[in-house]
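Trainee: I'd like to go through this one label by label. Whenever a word gets used, I'll ask what earns it.

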Amino acid sequence: MLKRTKKDENNTPFSVGDTVEEKPTPSSLSPTVRQERDTSEEKTTIGERISIEGSIRGEANLVIEGAMKGTIEMGKHNFTIGPNGRVDGEIHAQDVSINGQFKGTIKALGKVAVTQKADFNGEIKAKSFSVEDGAYFKGVVELDRESHKNPAATETPRGPSSPETAKQSVTPPNDVKMEK
Amino acid sequence: MIFSTTRHRNNTDAESLPVGYNSTILKEFVNTLEGKKEAQTLDVGPVCQENITFFALRMSRHYVCDMFLRLKREKHKELHPGNRWKHLDYPDRNFDGIQLWDLCDHLEEEDVSRLVALCYSMLRATGLLMLIAFEKKPSSSIVNTFVIGQGYRVDIRPQPHLELPWNFRHNRALTSLLSNFTIVRSFRYHSGIREFLFKKPGGFRD
């Protein structure tokens, strides 16, 4: 849901999340349903058939399923590129999830997640980062080292290689040095 | 120049994958680069969250360009070798370290030469190049990720979406291909994995 502010037409960004839909009162909903509704109400989606060139500022979580070229500033809100979404530009947000195509720069206060279907080409500055095997990724990653004070303790290999198979590992004393 | 490289010529007995080992070469690679100011590294893939996090927390800037997936996507295209490497479009003397993992195992001679020349250009003087080569043909042509864990342990995670041809090269063939570099260290593990650490010659870092 988008609403254009009434300032300068050329320079004023889109604002996301200003419009509030009429909704059931919280007392009429069970806690689970209410939570889901609350989450969905905070999310604005730009559909597949929409293309935007310019800048977007928002006070709600934003999902782009269409195409966007420009700057996206979501502050402490989350930003998602859907599986068919295409974004070319700069993203500032809390957490960022890339499921589609992205080219540009991401500055996240929290986590950046790149999923298997993503095609990523750009730069990431974030507190933490995840990428699924199979994603196409060409980029630079800079992580906030303060939030990873003991990095070795947090890195645990996943998948079939561990931890079960770790018991069968080849240990260093058996290794043969070939050349020096 | 004739290389003793043949696809599976003397190594046709498929072996099950070695399951993990503590990498001496990786430790030396990382320790050396951590001592450099604002070190920049390049990983040619396959994309692996653990490895990206590992290097991003230790290096000033960590670059990733997944050449394995690019090669897979372009496998059936008749590309000039030069086009295949256009994705590695980084400036000369940009990196202090490059992790090739086992990419050379999946390339023909001409492509390896092209890749090595690119790496030489992209590395700063005294920069390090780390590569891995299997001694015997893995049981499948599925590409593996070498996943970095605690204490420089490296585990292997198959990537079912990546299937590429495999080529065997003797140590001499590999070092011949990288003859512009100085070999720092190499190890052969009982699992059949060979690791090599090369250095770009030069008196001081560019």
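Mentor: Let's start with pairing, then: two strands pair if DSSP finds at least two bridges between them. Keep in mind throughout that this is a predicted model.

Trainee: Okay, what makes S1, S7 and S6 of chain B an open sheet?

Mentor: The three strands come in the order S1-S7-S6, with antiparallel pairing. S1 (20-22) and S6 of chain B are the edge strands, each pairing on one side only. From one strand to the next, the twist averages 35°.

Trainee: How do you know that S1(B) and S7(B) count as paired?

Mentor: Three bridges link S1(B) and S7(B), in the antiparallel sense. The cut-off is at least two bridges, so S1(B) and S7(B) qualify with their three. For a concrete partner, B:Tyr21 is bridged to B:Val154 in S7(B).

Trainee: What joins S11 and S13 in chain A?

Mentor: Four bridges do, between S11 (residues 111-114) and S13(A), and those strands run parallel. With at least two bridges as the requirement, the four here make S11 and S13 of chain A a pair. A:Val114 stands opposite A:Val131 in S13(A).

Trainee: What makes the side chains of S13(A) alternate?

Mentor: Look at which way they point. A:Phe129 and A:Val131 face one way and are buried, whereas A:Ser128 and A:Ser130 face the other way and are not buried.

Trainee: Why is B:Tyr152 called buried?

Mentor: Count the neighbours: B:Tyr152 has 20 C-beta neighbours inside 10 Å. Buried starts at 20 or more, so B:Tyr152 makes the cut. B:Tyr152 lies in the loop between S6 and S7 (153-163) of chain B.

Trainee: And is B:Glu38 buried or exposed?

Mentor: B:Glu38 has 8 C-beta neighbours inside 10 Å. Exposed means 12 or fewer, so B:Glu38 is exposed. The loop between H1 (24-34) and S2 of chain B is where B:Glu38 sits.

Trainee: Why is B:Asn94 called partly exposed?

Mentor: B:Asn94 has 17 other C-beta atoms within 10 Å. Buried needs 20 or more and exposed 12 or fewer, so B:Asn94 with its 17 falls in between. B:Asn94 is in the loop between H4 (81-84) and S4 (95-101) of chain B. Leaving out residues up to four places away in sequence, B:Asn94 touches B:Gln40 and B:Met122. From B:Asn94 to B:Arg185 there are 91 residues in sequence and 23 Å in space, C-alpha to C-alpha.

Trainee: Which backbone features deserve a second look?

Mentor: Start with the background: most residues other than glycine have a negative phi, and most peptide bonds are trans. B:Glu38 has a positive phi of about 50° without being a glycine. B:Tyr152, also not a glycine, has a positive phi of about 60°. Then there's the peptide bond from B:Gly45 to B:Pro46, which is cis with omega near 0°. B:Pro46 belongs to the loop between S2 and H2 of chain B.

Trainee: How do you know that the buried residues of H1(B) share a side?

Mentor: The buried ones are B:Ile25, B:Leu26, B:Phe29, B:Val30 and B:Leu33. They cover an arc of only 130° around the axis, which puts them on the same side of H1(B). B:Lys27, B:Asn31 and B:Glu34, on the other side of H1(B), are exposed. An α-helix has 3.6 residues a turn, so residues three or four places apart point the same way.

Trainee: What makes H2 of chain B mostly covered?

Mentor: Eight of the eight residues in H2 (49-56) are buried. Among them are B:Ile52, B:Phe54 and B:Phe55. What covers the buried residues includes S13 (128-131) and S14 (136-143) of chain A, along with S2 (40-43), S3 (61-65) and S6 (142-148) of chain B.

Trainee: What are the confidence scores for chain B?

Mentor: Chain B averages a pLDDT of 87, with 88% of the residues scoring at least 70. Over residues 1-16 of chain B, though, the pLDDT is below 50. Where pLDDT is low, the predicted coordinates should not be read in detail. The model's scores are ipTM 0.86 and pTM 0.79.

Technical notes
Residues numbered from 1 in each chain as written. Chains lettered and ligands numbered in written order. Predicted model: local features only at pLDDT ≥ 70, side-chain atom pairs only at ≥ 80, totals over all residues. Contact = placed C-beta atoms within 7 Å. Arc of directions from axis to C-beta. Axes fitted to C-alpha atoms, helices over the stretch in contact; angles between N-to-C directions. pLDDT = per-residue confidence, 0-100.
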